[in-house]
Amino acid sequence: MPASIPGIHHVTCITGDVQKCVDFYVSVLGLRFVKKSINQDLPDTYHIYFADNIGTPGTVMTFFGWPTWPKRRTGSGQVTSVSFAVPPDALDYWSNRLRKVGVETSRTSRFDSDAVVLRDPDGIELQLVGHAKDDRWIPGPDAPVDKDYAIRGFHSATLTVAETAGTIDLLTNTMGFRSAAKEGNRTRFETGSGGPHSIVDVVESPEGPVGEESIGTVHHVAWRTPDDSAQVGWRDLLVKTGRNVTPVIDRWYFKSIYFREPGGVLFEIATDGPGFTVDEPVEKLGTTLSLPPWFQVRREHLDQILTPIVVPTTAARGAGH
Ligand code: ZN
């Protein structure tokens, strides 16, 4: 087996309104807008990335901007909730902060942690889990959220599947995850050294609706792998176990392979490098339309058709803090 998966690399969702999405993730949640690029498979559309100051794997929330897509439903075969880690004493701060900007929240308690539950502007369920023992997050110099309470990257992703057996078999017998806890129809798995960003919850929902790839849903979750050779190792292993895996695709900021797990959720395995500073210095991340070299010929066309994005500055961020 290749070296174990350390945890989540990024989570990619579908937004119907790129500007609202940017306003929310930057001004309200306090993530940095680290990359403005295009969807390489639908290159007339945006692919935008939010993360810590440099786009550290495990902190990267990304969106395809597909305004003409329908808004349908979340359900089985999808990631149905994305959790970020925050310090355990930050939950009241976040409830207040979100209320001030008109975002409804509730509280939940799962396994050993409490969380604030909310929905982003497209309706994607997010949780802020009080469980931040994680030093991967590199804060930005002008983040709008008090640094004592700020998001520290991903805590976990929740997969909802109609039947868990195949999903659990893949996670534990092929991908190296280990079962960590069970609560009702929810089973928690961990990989790597455990803790925030290494957790995936699998929820069994045999009766629930099947999710549809649409605005307000998570498109896929990407798992980390350190380098190209480990990625090829994963590809070989997955093919051997019967998964239908794409070839290695160069995404410029990382290399990727994709496959569906048996419950229907789209998985990616992405390399940690070269990362988001491959074409912009840290202080300039997200300020220009970044295109892989093979898409540069389309720049003029893209400049004409893509609606400009305004990234909120510190002065405009407000949100009460
Ligand atoms: Zn991806």
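User: What is the relative accessible area of aspartate 148?
Analyst: This is a predicted model, in which local features need pLDDT of at least 70, side-chain atom pairs count only at pLDDT 80 or more, and totals for chains, interfaces and linings use all residues. Residues are numbered from 1 along each chain as its sequence is written, and side-chain values use heavy atoms, with hydrogens and water left out. Buried means under 20% relative accessible area, exposed over 50%, and partly exposed in between, with a 1.4 Å probe and protein chains only. Aspartate 148 is partly exposed, its relative accessible area being 46%.

User: Which residue forms a salt bridge with aspartate 148?
Analyst: A salt bridge is a side-chain nitrogen of Lys or Arg within 4 Å of a carboxyl oxygen of Asp or Glu. The partner is exposed, with a relative accessible area of 64%. The N to O distance is 4.0 Å, and the partner of aspartate 148 is lysine 147.

User: How many residues apart in sequence are the parts tied together by arginine 188 and aspartate 201?
Analyst: The closest N and O atoms of the salt bridge between arginine 188 and aspartate 201 are 2.7 Å apart. Arginine 188 lies in strand β11 (residues 186-190) and aspartate 201 in strand β12 (residues 199-204), so the pair joins parts of the chain whose separation is 13 residues. Helices (H or I, at least four residues) and strands (E, at least two) are DSSP runs, numbered from the N terminus. The separation asked for is 13 residues.

User: Are arginine 188 and aspartate 201 buried or exposed?
Analyst: Arginine 188 has a relative accessible area of 8%. Aspartate 201 has a relative accessibility of 1%. Each counts as buried.

User: Which residue meets aspartate 228 in a salt bridge?
Analyst: The N to O distance is 3.0 Å. The pair links distant parts of the chain, 27 residues apart, with aspartate 228 in helix α4 (residues 228-240) and its partner in strand β15 (residues 254-260). Aspartate 228 is partly exposed at 38%, and the partner is partly exposed at 26%. That partner is lysine 255.

User: How many salt bridges does the structure hold?
Analyst: Some of the charged residues form a network, in which Lys35, Asp279 and Glu280 are linked. The total for the structure is 13.

User: Why is strand β3 largely enclosed by the rest of the structure?
Analyst: In a regular strand the side chains alternate between the two faces of the sheet. On one side of β3 are Tyr46, Ile48 and Phe50, and on the other His47, Tyr49 and Ala51, with both faces covered. Strand β3 (residues 46-51) is largely enclosed because, of its 6 residues, 6 are buried.

User: Which residue of β4 stands opposite phenylalanine 50?
Analyst: Two strands pair if DSSP finds at least two bridges between them. Strand β2 (residues 32-38) runs antiparallel to β3 with 6 bridges, and there lysine 36 has isoleucine 48 as its bridge partner. Strand β4 (residues 60-65) is also antiparallel to β3, joined by 5 bridges. Opposite phenylalanine 50 stands methionine 61.

User: Which residue just after α2 takes a positive phi?
Analyst: Helix α2 (residues 91-100) has buried residues, among them Trp94 and Leu98. The buried residues of α2 pack against α1, β5, β6, β7 and β8. Just after the helix, a positive phi of about 80° is taken by glycine 102.

User: Over which residues does pLDDT stay under 50?
Analyst: pLDDT is the predictor's confidence in each residue, from 0 to 100. The chain averages 95, and 97% of the residues score at least 70. The stretch under 50 has 14 contacts beyond four places in sequence, contact meaning heavy atoms within 4.5 Å. That stretch is residues 315-321.
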